[in-house]
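Good morning, everyone, and thank you for making time for this short talk. Please look at the sequence and the structure on the screen while I speak.

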Amino acid sequence: MRAGILSAICLLALSVPASAQEWAKKLFTVTAHDFGTVANGAKTEFRFPIKNVYVEELHIKEIRSSCGCTTPTLVKKGESKGQEGGGLTLKTYEQGEVLAQFNTHIMTGYKRATLTLTIDKPYFAEVQLTVQGNIITDIQVTPNHIDLSTVSQGESVEKTITLTRTGRRDWKIMDIRCANTNFEVEPLEKARTLSSVTYELKVKLRDTAPAGAINDQLVLVTNDDRMPQFPIQVQGEVRPELSITPSLWMAGSLMPGEMAKKTLVIRNNNAKPFKIVNIVSDDPAIQFKPIDPAAPAKPLHVLPITLIASDNPGRVVKSLKIETDLGTTLMPEMAVQYLVKGPPKSITTAPAAGVQPSGNSTTAKQPEINVLKPKTTPPVSTVLVPKK
């Protein structure tokens, strides 16, 4: 009888953590990646996106790999360097990434790794991600990836990379594919001997490429049945001509009707003078001074704005766009996030003197977010969605 009780207790202990950590899996939309066949020494990496969909602040304490073939790093979205100390903190709706670097320079053959994230806030949980790939030595890539560096928006850049395939004289590149349509790629056969084939790839980034980080792959389709597709990493950054600082305003916790202020800096990164012609927001609670059409064009503008918190408790996520005389394709945008706490308060948010509200006269419906159960121990059930 006692043995049966002990068995039941053991089974319960094993089942609780699995169900209790289901909330942590919702932070990820992708949990596995196959690098395919890659060259020895080639730069090969993949970014697993993380998004905090909960009200509670999230803290990932550490991440570890089961294999030396992969080095994982926790980073904020769009950043290339990890957080100091290896941890990562994400507030509501903030996004991060697990940067998985496949160590092709020290490994060969088929490799597989399990990446384990340890979360200590708001509750303890562990999430596992997997990567795998086949590292071969009969293709050499020089340099080990395509580095576009930093280019200003509206400019183009061209880079060259060399591939040498050994051991097969009839090897050919049949096609080149990429999900990013802003690339032009031209393969040129440079040499063909009895034991090797050499290609040169000219990769051009079009001047129509949008601003932002570039983390893409060129997939070479070949006539080799053993490795019909071969990826090459492409990295770089298109720096926007116009930028807004800060690009994200975390206004914190506010009571209904409470006021917060912020100063924005809109800059032309090429030092070109411009005018602000309009300011657009999807929230009338974001207020600013009227635009002066007679104001001179200049490469930097300072814009004070005022936020009056919504009447309804809950998380608020809004945006503000700056329109300039340079065109809508170069329109900087700032995200505004804050939490309204306390009971609803009936107030009238009339604009102050010399200040005009933006956007429509009605407040848009707030997006749904998840709230973990307010317990000191990890929740056994899944998350709750608060009523609006």
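I will go through one sheet and then two residues, keeping in mind that this is a predicted model.

Let me begin with the sheet, which is open and has four strands in the order 18-24-23-20, with mixed pairing. At its edges are strand 18, covering 248-254, and strand 20, covering 276-281, and each of these pairs on one side only. If we ignore direction, neighbouring strands of this sheet are turned by 15° against each other on average. As a reminder for the newer members, strands of a sheet pair through backbone hydrogen bonds, and they may do so either parallel or antiparallel.

Inside this sheet, strand 23, residues 314-324, and strand 24, residues 333-340, run antiparallel and are joined by eight bridges. Within that pairing, Leu-320 stands opposite Met-334 in strand 24.

Now to a residue of strand 20, namely Ser-281. Is Ser-281 buried or exposed? Its relative accessibility is 5%, and because buried means under 20%, Ser-281 counts as buried. The side chain of Ser-281 reaches the backbone nitrogen of Asp-283 at 3.1 Å, and a polar atom of that side chain also lies 3.0 Å from the backbone oxygen of Ser-319.

The second residue is Gln-233, which is found in strand 16, residues 229-239. Gln-233 is buried as well, with a relative accessible area of 5%. Which residues does Gln-233 touch, not counting those up to four places away in sequence? They are Lys-43, Thr-44, Glu-45, His-145, Ile-146, Asp-216 and Gln-217.

Conventions
Residues numbered from 1 in each chain as written. Predicted model: local features only at pLDDT ≥ 70, side-chain atom pairs only at ≥ 80, totals over all residues. Heavy atoms only, no water. Pairing = 2+ DSSP bridges. Helix = DSSP H or I, 4+ residues; strand = E, 2+ residues; numbered from the N terminus. Axes fitted to C-alpha atoms, helices over the stretch in contact; angles between N-to-C directions. Buried < 20%, exposed > 50% of the residue type's maximum accessible area, 1.4 Å probe, protein only. Polar contact = N/O pair within 3.5 Å; in protein donor to acceptor, adjacent residues only side chain to side chain. Contact = heavy atoms within 4.5 Å.
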